[in-house]
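Reader: I would like a close look at one part of the structure shown below, taken slowly and with the terms explained as they come up.

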Amino acid sequence: MEYDFTFAVSGVDVDDRAAVETLRRHRDALLARAGGVDLLCVTGSGGSVLEAASAVRAAVPRLRVIRLDRDPVDGRGCVAHRSDGAPVHLTPSEAAEIDARLAAP
């Protein structure tokens, strides 16, 4: 199963043509800016958010994943969408644990 994750990131922005092209070519990722936050949308297989984050950091080493972006769906924070469009929710403690692991160098 494939999932679409959205990360809040730093270290790159939409004007960084080399990073945008590398992310698009190697990870089919989309870098965008919304509400003053740089966001990276990336597709991952098997639903592993940490593997997806590691892959984008390997492609563009100066990129820093700050946290998962939480999109409110059904009144809860949705952190991903499956390829069939179904939202994926985490409990607040699960999300906090993932964010801590993402922020680790």
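Reader: Before the details, what is the mean pLDDT of the protein chain, and what share of its residues reach 70 or more? After that, please look closely at the helices: which residues of H2 are buried, and at what angle do H2 and H3 pack?

Author: The mean pLDDT (the predictor's confidence in each residue, from 0 to 100) is 77 for the protein chain, and 72% of its residues reach 70 or more. This is a predicted model, in which local features need pLDDT of at least 70 and side-chain atom pairs count only at pLDDT 80 or more, whereas totals for chains, interfaces and linings use all residues. Residues are numbered from 1 along each chain as its sequence is written, and side-chain values use heavy atoms, with hydrogens and water left out. Confidence is highest in helix H1 (residues 17-27), at a mean of 91, and lowest in strand S5 (residues 71-73), at 52.

The protein chain holds 3 helices and 7 strands, where helices (H or I, at least four residues) and strands (E, at least two) are DSSP runs numbered from the N terminus. Their order from the N terminus on is β-α-β-β-α-β-β-β-β-α. Of the 105 residues of the chain, 33% count as buried, a term that stands for under 20% relative accessible area, with exposed for over 50% and partly exposed for what lies in between (1.4 Å probe, protein chains only).

In H2 (residues 49-59), the buried residues are Val-49, Ala-52, Ala-53, Ala-55 and Val-56. They are on the same side of H2, because they cover an arc of only 160° around the axis, the arc being that of the directions from the helix axis to the C-beta atoms. Glu-51 and Ala-58, both exposed, sit on the face of H2 turned away from its buried side.

H2 packs with H3 at an angle of about 25°, their axes being 11 Å apart; axes here are lines fitted to C-alpha atoms, for helices over the stretch in contact, and angles run from 0 to 180 degrees between N-to-C directions. H2 is therefore roughly parallel to H3, given that angles under 35 degrees count as roughly parallel, over 145 as roughly antiparallel, 65 to 115 as roughly perpendicular and the rest as oblique. The H2 and H3 crossing is right-handed, meaning that the near helix is turned clockwise from the far one by less than a right angle, while an anticlockwise turn would be left-handed.

H3 itself (residues 92-103) has 12 residues and spans 16 Å from its first C-alpha to its last, close to the 16 Å expected, that is, 1.5 Å times one less than its number of residues. Its buried residues are Ala-95, Ile-98, Asp-99 and Leu-102, and these line one face of H3, because they fall within an arc of 100° seen down its axis.

With H1, the axis of H2 comes within 10 Å and crosses at roughly 130°, which means that H1 is oblique to H2; this crossing, too, is right-handed. In H1, Ala-19, Thr-22 and Leu-23 are buried, and they line one face because they fall within an arc of 95° down the axis. After H1 comes Asp-28, with a positive phi near 50°, in the loop between H1 and strand S2 (30-34). Asp-28 counts as exposed at 58% relative accessibility, and its C-alpha is 7.1 Å from that of Thr-43, 15 residues away in sequence.
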